[in-house]
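Here is a short set of questions and answers on one protein model. Look at the structure first, then read on.

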Amino acid sequence: GEANWFNRWRAGPDDARVVDGVLLARQGSDNDGWLYGLQLGTIAGPSKITLNYFRATGDDPSTRETNEDAQQGDSGISSGYVKNWAYLMYYLYGTGTNFNADGYGQPTNLHHVGARVDYGPAANMNFWVTGAYAWRDQPQAYRLGGSYALGIRPWTNDDLFRAQRGGVDRPVPDSAREIGWEIDLGLNWQILEGLIWNSMFAYWQPGSWWGYAYPNTAAIYRGTGGAAIGAGNRVLAISGAGREIAPLILIETSLLINF
């Protein structure tokens with residue numbers, strides 16, 4: 001088990017700006033949250049069974065004080081750790097919320113539950129299968145349809161201000177929490193000393209959150225005849241909200257030679 005609390009704070013005035021005729025002063029930033037998890041397991045003969053849970057708190061718009069909170073982002077679960085639980089949903093796609101400097105997923109604002117079974121019929125061979133399910137901690141921390149110009153981004157105080165005035169912008173509904181589920185199967189086989197064959201099959205079914213948080217770009221381009229639209233066209237950006245996302249499949253194999 002492990003639990004971590006982090007805080008990033010920057011003092012001093014920042015630039016103020018006018019939103020819909022109202023002056024919004026930004027007086028610094030305060031960004032904090034929790035990361036914690038628990039892992040249990042047992043070994044039975046050549047098999048090992050592991051159960052896992054972790055959570056990374058998101059940036060709750062109901063308690064956020066400044067827009068800088070959203071612009072800074074939140075710390076997420078390490079990409080090297082989540083890689084072993086859901087290769088597509090976590091490691092490659094970062095649940096759509098966070099990535100490290102190398103471009104690999106470092107997901108935040110989520111709950112995860114998972115199970116893994118390893119089976120080693122020989123000392124030089126291991127078969128494994130993982131199952132992972134994830135749901136969003138705070139769906140309303142993200143804006144409906146993301147940002148057509150910038151991709152997904154957190155829901156800011158300015159967005160909340162516009163929504164209260166009856167604007168087009170809305171947060172992702174609280175009911176759209178599901179990030180999805182994934183099953184991965186793999187083989188690690190040391191054929192010879194210094195020669196290892198690794199193979200993996202991954203199947204990920206994205207959940208309801210993706211249909212609300214990301215624009216349906218295929219429908220947008222069909223509707224415009226392939227022409228680009230302005231970044232401010234929020235009506236087109238939220239077309240198809242709540243649609244089902246087709247599953248993603250990955251097959252990866254590698255031969256590692258060590259001299």
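**Surface, strands and core**

The accessible surface of the protein comes to about 13,400 Å², and carbon and sulfur atoms hold 58% of that area. Areas come from the Shrake-Rupley method with a 1.4 Å probe; for residues, only the protein chains shown count as cover. This is a predicted model: local features need pLDDT of at least 70, side-chain atom pairs count only at pLDDT 80 or more, and totals for chains, interfaces and linings use all residues. Residues are numbered from 1 along each chain as its sequence is written, and side-chain values use heavy atoms, with hydrogens and water left out.

Q: How many helices and strands are in the protein?
A: Both are DSSP runs, numbered from the N terminus: helices are H or I with at least four residues, strands are E with at least two. The protein has 7 helices and 10 strands.

Q: Which residue in β7 stands opposite Asp 118?
A: Two strands pair if DSSP finds at least two bridges between them. β6 and β7 pair in the antiparallel sense over 11 bridges. They form a hairpin with 2 residues between them. Opposite Asp 118 stands Trp 128.

Q: Over how many bridges do β5 and β6 pair?
A: Ser 47 stands opposite Tyr 119 in β6. The pairing of β5 and β6 (residues 110-122) is antiparallel, and its bridges number 10.

Q: Which element gives the most to the largest nonpolar core?
A: A nonpolar core is a set of buried Ala, Val, Leu, Ile, Met, Phe, Trp, Tyr and Cys residues joined through side-chain atoms within 4.5 Å. This core has 29 residues, and Met 89, Tyr 90 and Leu 110 touch the most other members. β5 (47-56), α3 (87-92), β7 (125-136), β9 (195-206) and α5 (208-213) each supply at least two of its residues. The most, 5 residues, come from α3.

Q: Which residues is Met 89 in contact with, leaving aside neighbours within four places in sequence?
A: Contact means heavy atoms within 4.5 Å. With those neighbours left aside, the partners of Met 89 are Gly 94, Thr 95, Ala 132, Ala 134, Ile 179, Gly 180, Trp 181, Glu 182 and Trp 204.

Q: Is Asn 216 buried or exposed?
A: Asn 216 is found in the loop between α5 and α6 (217-223). Buried means under 20% relative accessible area, exposed over 50%, partly exposed in between (1.4 Å probe, protein chains only). Asn 216 has 17% relative accessibility, so Asn 216 counts as buried.
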